[in-house]
Amino acid sequence: MQPPVEPMLARVSDDLPEGEGWVYEPKWDGFRAIVFRDRDELHIASRDHKPLQRYFPELPPALAGALPARCVVDGEVIVGGRQGLDFDALLQRIHPARSRVERLASETPASFVGFDLLALDDADLQAEPFSARRARLEGFLDAPADPRASVAPRTQVLLTPETSDAGEARSWMTELEDIGLDGIVAKRLDGDYRPGERIMAKIKLQRTADCVVGGYRLSKAGDGVGSLLLGLYDGEGNLQYVGHTSSFRAAQRRALLAELRPLEGGTSFAGGRVPGGPSRWARAEEKTWVPLEPRLVCEVGFDRLMSGRFRHASRFLRWRPDRDPATCTFDQLRGSTGAR
C-alpha cells in the first residue's frame, strides 16, 4: 500500500447510535494523518496528502520506536498542553522556517494517537472487520484507561481509548470537554475500511452563545446580508469580534438588510478586535464589512472557541430582543465551552 490513501470519514449525527456492534472513541481535535512505514522509510500524510514529517520532526523517531517495521496506521496528530489539547499551538507548527519548526518541536511537542490499521507486513487489512484491525493495533500500541492521559506536553504514540458503553461515551463528551475533546466517533465493529467514504458517525459538542451584532457583510449578489458579524464584550467594555453566522435564506437576507440599514455607521467593534484582521486564511473579500450600532443580540450555536473566536461559522438560532447587549460577555462561555 502506497500513498496517497484517502482517510475514511464520518458523517455528523445528532446523537450516539446505540445497540449491539457499536463502539465509541474520543474525537481528537488535531490533524488527521496516515502514517506509512516501510522499515527505515516513514511518511506522515495529511488528509489532503501533504507530508507532515517536516513540521513535526519529533514524530518520526517516536513512531519508528512504536510501530511495526512495515505498516500503515490511521490516526491524529495532536499537541497537548497542561490545560488540554492546544489546536492553536498545533496550527503554529505549520511554518516554513526550519529553525522555528525545530524550536516549536521542543516547546510544543506533538503526539500521535492511532485509531485504525490499514496494512501490516504484506497484508492489506482494509477488508477485515474493524474489530480485527483494532485487535492488531492493541498488539503494539497501548490505550490509556483514562483519555486524559493521551493529552500531555510531551511526545507520545498511543492507541485511542475505546468503549462499547454508550453511557461512558456520553460521559466523555461532558467530563472531558475541559481538555478540548471535540466529540465522539462511533464505529461498527464489523465495518471494513472504506477510503474517502463517510461510514463512521461523529457526534460533536454543541454550545450556544448570545452575541452582539456588530456589523455585516453583503451577499455575493449585493442585495442582501451575506453574514452577520458577531461580538462579545471583554472585561474593559470593548466589543471583540468572535465570528460570523450566515445561515439565512434569500428572502431573509434581503429583509435583514433593510432592517439593518438604520444601524449602519455605529461604534461597532471600536476598541476591540475587528473582522478581516491579519490571517493566513483570510480572503480579500472578507476584509469588506459594514459596521453597525451594537444594539441587536442573537443566539447562535457553535462547536468551539479558539483564541477568543469561534473555530467555525456559527449557526443562527434566534433573535434575543430581551437581552441587553452590554451583558453579552465572554463570561457566559467560561466553564461550559472548553475555552482557553
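A pocket, as the word is used here, is an open set of grid points with protein on both sides within 12 Å along at least five of seven lines, and its lining residues have an atom within 4 Å of a point. The exercises below concern a predicted model.

**Exercise 1.** Describe the second largest pocket by its volume, the strands that supply its lining and the character of the lining residues.

*Solution.* Begin with the volume, which for the second largest pocket is about 350 Å³. Of the 18 residues that line this pocket, Met1, Gln2, Arg37, Asp38 and Val72 are the closest to its centre. Next, assign the lining to secondary structure: at least two lining residues come from each of strand S3 (31-38), strand S4 (41-46), strand S5 (70-81), strand S7 (110-120) and strand S8 (123-124). Finally, sort the lining by character, which gives nine nonpolar, two polar and seven charged residues.

**Exercise 2.** Determine which residues of helix H4 (residues 130-137) are buried, and which strands they pack against.

*Solution.* The cut-off needed is that a buried residue has under 20% relative accessible area. In helix H4, the buried residues are Phe130, Arg133, Arg134 and Leu137. Because these residues cover an arc of only 100 degrees around the axis, they lie on the same side of H4. The last step is to list their packing partners, which are strand S2 (22-26), S5, S7, strand S9 (157-159) and strand S10 (183-188).

**Exercise 3.** Analyse the salt bridge between Arg134 and Glu162, and identify the network to which Arg134 belongs.

*Solution.* In the salt bridge of Arg134 with Glu162, the closest N and O atoms are 3.7 Å apart. Since Arg134 lies in helix H4 and Glu162 in the loop between S9 and helix H5 (166-175), the pair ties together parts that are 28 residues apart in sequence. Turning to accessibility, Arg134 is buried, with a relative accessible area of 6%, whereas Glu162 is partly exposed at 29%.

For a second pair, take Asp190 and Arg188, whose salt bridge has its closest N and O atoms 3.5 Å apart; Asp190 is exposed, with a relative accessible area of 55%, while Arg188 counts as partly exposed at 32%. As for the network, salt bridges with shared partners join Arg134 and Glu162 with Glu25, Glu138 and Lys187.

**Exercise 4.** Give the number of salt bridges in the structure and characterise the one between Arg136 and Glu128.

*Solution.* The structure holds 26 salt bridges. In the one that Arg136 forms with Glu128, the closest N and O atoms are 3.4 Å apart. Both partners are then checked for accessibility: Arg136 is partly exposed, with a relative accessible area of 34%, and Glu128 is partly exposed, with a value of 24%.

Definitions and conventions: Residues numbered from 1 in each chain as written. Predicted model: local features only at pLDDT ≥ 70, side-chain atom pairs only at ≥ 80, totals over all residues. Heavy atoms only, no water. 1 Å grid on protein atoms, 1.4 Å probe; cavity = no way out; pocket = protein on both sides within 12 Å on 5 of 7 lines; lining within 4 Å. Points joined across faces, edges and corners; volume = space filled by probe spheres on them. Helix = DSSP H or I, 4+ residues; strand = E, 2+ residues; numbered from the N terminus. Nonpolar A, V, L, I, M, F, W, Y, C, P; charged D, E, K, R; others polar. Buried < 20%, exposed > 50% of the residue type's maximum accessible area, 1.4 Å probe, protein only. Arc of directions from axis to C-beta. Contact = heavy atoms within 4.5 Å. Salt bridge = Lys/Arg side-chain N within 4 Å of Asp/Glu carboxyl O.
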